[in-house]
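Trainee: Hi, have you got a few minutes to walk me through this one? I'd like to get a feel for the fold before lunch.

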Amino acid sequence: MTVHVGILASSDIRKLETCIKSCVSEFYSCVGLQITVFINTRNVPFKDSAESLCQHMNIDYVVTESNGTPAVGKNTMVKWLSENTNDSYYIFVDGDDRLGEGFLNIVSQYFDSDIITTEIPENISTYAIASRIQPNSKVYKHYENLLLKQKEYEVESLARVIAVKRSALDFINYNENLHTLEDAQFAFKLKQQTDLTVSSIIQSNELYVYSPTRNGNFVRSAMNMEDPDMFFNQFWEVLQ
């Protein structure tokens, strides 16, 4: 079995270096391991630094066009991997994050599945909304509704696809009209399909270490939505 790790990088060169090192360390024993960094950014200095870093670390990289939204970056990475590689399993990592020291040991137990995701416990999702989004905010009611819908459909918030079998790679497609919560919407899409086997693993730092930036995308996008009604109408199209 061959494993291909795709790292999607858009900012923070120090975190990218840490991410690459975590992937190399975690998969050092895998025969046929391939790591590709996808540099997807409009920040030219970061792009140049990321290219230099990959060359220095002898890591393959691809520069892809960015429009500033995470969904486009993810879809571009998946499309490139589908068209240019033929590995058994694909691991997806955000360049700001890193793999936990138990990632391979945990995930390999689910390699029979078509898609593997993380699963954020409900109490953490609820806390994230209650503590960061003010009740008088114009988007608060929408996020409350999101929590209710997740409970109704048994979908976990902030779910992230971390591993995909080659045969399921073409199913991965995020909504490029959404500037945030594309992972959450995709989780609802996964819940409705019956042709693929999906395994969810409870999130822990042994599995995957998130490294959010200060006032990261979740909070910034939530508080700055100009038309939350329109946004969430698009979000819930997946259930129609």
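Mentor: Happy to, and let's begin with a term: helices (H or I, at least four residues) and strands (E, at least two) are DSSP runs, numbered from the N terminus. Glu26, for example, is found in helix H1, residues 13–26. Residues are numbered from 1 along each chain as its sequence is written. This is a predicted model, where local features need pLDDT of at least 70, side-chain atom pairs count only at pLDDT 80 or more, and totals for chains, interfaces and linings use all residues, while side-chain values use heavy atoms, with hydrogens and water left out.

Trainee: Thanks! Is Glu26 buried or exposed?

Mentor: Glu26 counts as buried because its relative accessible area is 13%. Buried means under 20% relative accessible area, exposed over 50%, and partly exposed in between, with a 1.4 Å probe and protein chains only.

Trainee: And what does Glu26 touch, apart from residues up to four places away in sequence?

Mentor: Glu26 touches Leu99, Gly100, Glu101, Gly102, Phe103, Leu104 and Asn105; contact means heavy atoms within 4.5 Å. The side chain of Glu26 also reaches the backbone nitrogen of Phe103 at 3.1 Å. That is a polar contact, meaning a pair of N or O atoms within 3.5 Å; within protein, one must be able to donate a hydrogen and the other to accept it, and residues adjacent in sequence count only if both atoms are side-chain atoms. The C-alpha atoms of Glu26 and Leu104 are separated by 6.4 Å, with their positions 78 residues apart along the chain.

Trainee: Let's zoom out. How many helices and strands does the chain have?

Mentor: There are nine helices and nine strands. Of the 240 residues in the chain, 51% are buried. Among contacts with a separation of 6 or more, 83% come from residues 24 or more positions apart.

Trainee: What is the strand order in the open sheet?

Mentor: Seven strands form it in the order E3-E2-E1-E4-E7-E6-E8, with mixed pairing. E3 (60–64) and E8 are the edge strands, each pairing on one side only. From one strand to the next, the twist averages 20°. Two strands pair if DSSP finds at least two bridges between them.

Trainee: What does mixed come down to for E6, say?

Mentor: E6 (residues 115–119) has three bridges to E7 (residues 161–165), and those two run antiparallel. Thr117 stands opposite Val161 in E7. With E8 (residues 198–202), E6 shares five bridges and runs parallel; there, Thr118 stands opposite Ile201. E6 is mostly covered too, as four of its five residues are buried.

Trainee: How do E1 and E4 run, parallel or antiparallel?

Mentor: Parallel, with six bridges joining E1 (residues 3–9) to E4 (residues 89–94). Gly6 has Phe92 as its bridge partner in E4. Helix H3 lies across E1, E2 (34–40), E3 and E4, and runs at about 150° to E1. Axes here are lines fitted to C-alpha atoms, for helices over the stretch in contact, and angles run from 0 to 180 degrees between N-to-C directions.

Trainee: On to H7, then. What do its buried residues pack against?

Mentor: They pack against H3 (70–84), E6, H6 (140–153), E7, E8 and H9 (228–235). Eight of the eleven residues in H7 are buried, including Phe186, Phe188 and Leu190. Gln185 is in H7 (residues 182–192) as well, and it counts as buried because its relative accessibility is 8%. The Gln185 side chain reaches the backbone oxygen of Gln234 at 3.3 Å.

Trainee: I spotted some cysteines. How many disulfides are there?

Mentor: Zero, where a disulfide is a pair of cysteine sulfur atoms within 2.5 Å. The sulfur of Cys23 has its closest cysteine sulfur in Cys19 at 4.4 Å, so that is too far for a bond. Cys23 is buried at 0% relative accessibility, whereas Cys30 is partly exposed at 22%.

Trainee: Last one: which residue in the loop between H6 and E7 should I look at?

Mentor: Try Glu154, which sits in that loop. Glu154 has a positive phi of about 55° although it is not a glycine, and it is exposed at 61% relative accessible area. Leu181, in the loop between E7 and H7, has a positive phi of about 60° and is not a glycine either, but Leu181 is buried at 8% relative accessibility.
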